[in-house]
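Please look over the sequence and the model below before reading on. The paragraphs after them are meant to be read with the structure open alongside.

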Amino acid sequence: MIEKLRTIFQVPELRRRIFFTLALFVVYRLGEHMPTPGVNAAALAGAFRSQANTLFGLYDMFVGGAFSRATVFALGIMPYISASIILQLLGAVVPYFEKLRKEGEEGQKKITQWTRYGTVMISIVQSYAYSIFLVNLGASQGLSVVPHPGFAFYFSTIITQTAGTILVMWLGEKITEYGIGNGISLIIFVNILGGLPNRLMQAVDSVRAGSLGVVQIAVILAIMVSTHIPLRVNTAGVIPIIFASSIMILPTTVAGFVPPDHPLASLAQWFNPFGWLYNILYGIIIVFFTYFYTAVVLNPNDLAENMRKYGGFIPGIRPGRHTAQYIDKVLSRITLPGAFFLAAVAVLPDIIIGLFKVRAVGFGGTSVLIVVGVALDTLQQVESHLLMRHYEGFVKRGRIRGRSRM
């Protein structure tokens, strides 16, 4: 292993990309510890404990704990992901965006620009909701998270959080362009791993308290290890997981706009990450995005049209519409087991962990699937750089297939 690592750093371009990626990770982690002005950190820490195992806690996992500390990166990369989902959905139903998607590199540049605009708009809305959430947080406990609420606090929070999200988006794009791996996915990857020590300590405390036994730990570990399997049978990779998680976190934005005694404030409690309602909806959305993303990447109509242009055909199937229908039927049959398998492995660990009362959102199938998928995709890119220079890569039995594409 040491020899292989030495081989990696003998490739100048690969070495430069790795150091560039690590340098931007350092910048990102520093931003995760810069506090938002006007927030009482001690009161915030005490008030957020009651939210740790709700949707707010799940959101906090995706942003590396920045949400619970109210730092300038509290929103993280999630607004960008939400904007990406909206643009991809528009690309399937709005002719203008569908046309852009077919224009190649130039069209993709315009879509990327629209995604940036959408990210800013979503960030403004979510940062305003977040400021209201901070003002209301801890009120029932007699804690003053924001000692001096008012227009100045709301305005400064919107500016700070929106600017922070723009910077995170820029870091992710630069990692993709000049670093190694997919920058957006790697930021989520780093955030999940960054909170791992705290979640391990929570598990240790549960063992010491007697609420978690050896058998339960063995079952949880077995479930976590098995979560890498669907990545090998599902062509959409971890994208459905990331998109579905982003959709399921939307109730936190709604809950942030209302005071604690409002009926909508209980949305975060209804959508408990370990509850049945959350996991049923989560599984359905994963299946939907698995089909949707597969259709975006492998559009049957485009494939049939390209085959017709270059003289290709499927034996026994007429070119054109019939070929597209045949490809669509085959893709549906192939995607179905992978979609259900991916949803099951993402959902079942959370349900079982909830039954065992191990209230640590980072140990669920979602986090493990994302970590494994992003790691495999990054290793694939490292492998590609090595193979281009006739070096032996990490995997001796063939190249690792990429797992995520944003």
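What follows moves from the chain as a whole to one helix, then to the nonpolar cores and the aromatic pairs.

The model is a predicted one, and its secondary structure consists of 19 helices and 0 strands. Of the 406 residues in the protein chain, 50% count as buried, while the surface that the chain exposes comes to about 19,900 Å², with carbon and sulfur atoms supplying 67% of that area. When contacts between residues at least 6 apart in sequence are considered, 75% of them join residues at least 24 apart.

Helix H2, which covers residues 12-31, offers a convenient place to begin. Its 20 residues reach 29 Å from the first C-alpha to the last, which is close to the 28 Å expected at 1.5 Å a residue. Which residues of H2 are buried? They are Leu14, Arg17, Ile18, Thr21, Leu24, Phe25, Tyr28 and Gly31. Because these buried residues fall within an arc of 140° when H2 is viewed down its axis, they line one face of the helix. An α-helix has 3.6 residues a turn, so residues three or four places apart point the same way. On the face of H2 that is turned away from the buried side, the exposed residues Pro12 and Leu30 are found.

The interior can be followed next through its nonpolar cores. The largest nonpolar core has 72 residues, of which Ile77, Ile81, Leu134, Val145 and Tyr282 touch the most other members. Helix H16, spanning residues 276-297, gives the most to this core, with 8 residues. Leaving aside residues up to four places away in sequence, Ile81 touches Ile184, Ile188, Ile242, Phe243 and Ser246. A second core, separate from the largest, has 7 residues, including Ile8, Ile18, Ile180 and Val382; Ile18 is also one of the buried residues of H2.

Aromatic rings provide another route through the model, with a count of 19 aromatic pairs. In one of these, the ring centres of Phe67 and Tyr130 lie 4.7 Å apart and the planes stand at 40°, so the pair is classed as tilted, a label given to angles that are neither under 30 degrees nor over 60. Phe67 belongs to helix H5 (residues 66-69) and Tyr130 to helix H8 (residues 104-136), so this pair ties together parts that are 63 residues apart in sequence. Phe67 is buried, with a relative accessible area of 6%, and Tyr130 is likewise buried, at 3%.

Phe97 and Trp114 form an aromatic pair of the edge-to-face kind, with 5.8 Å from centre to centre and 80° between the planes. Since Phe97 lies in helix H7 (residues 95-101) and Trp114 in helix H8, the pair ties together parts that are 17 residues apart in sequence. Phe97 counts as buried at 11% relative accessibility, whereas Trp114 is partly exposed, with a relative accessible area of 39%. Returning to Phe67 and Tyr130, ring pairs link these two with Phe48, Tyr59 and Phe133 into a cluster.

A last detail concerns the backbone at Ala70, in the loop between H5 and helix H6 (78-93). The phi angle of Ala70 is near 55°, a positive value in a residue other than glycine, and Ala70 is buried, with a relative accessible area of 1%.

Notes: Residues are numbered from 1 along each chain as its sequence is written. This is a predicted model: local features need pLDDT of at least 70, side-chain atom pairs count only at pLDDT 80 or more; totals for chains, interfaces and linings use all residues. Side-chain values use heavy atoms; hydrogens and water are left out. Rings of Phe, Tyr and Trp (its six-membered ring) pair if their centres lie within 6.5 Å; planes under 30 degrees apart count as stacked, over 60 as edge-to-face and the rest as tilted. Helices (H or I, at least four residues) and strands (E, at least two) are DSSP runs, numbered from the N terminus. Buried means under 20% relative accessible area, exposed over 50%, partly exposed in between (1.4 Å probe, protein chains only). A nonpolar core is a set of buried Ala, Val, Leu, Ile, Met, Phe, Trp, Tyr and Cys residues joined through side-chain atoms within 4.5 Å. Contact means heavy atoms within 4.5 Å. Accessible areas come from the Shrake-Rupley method with a 1.4 Å probe; for residues, only the protein chains shown count as cover. The expected span of a helix is 1.5 Å times one less than its number of residues. The arc is that of the directions from the helix axis to the C-beta atoms.
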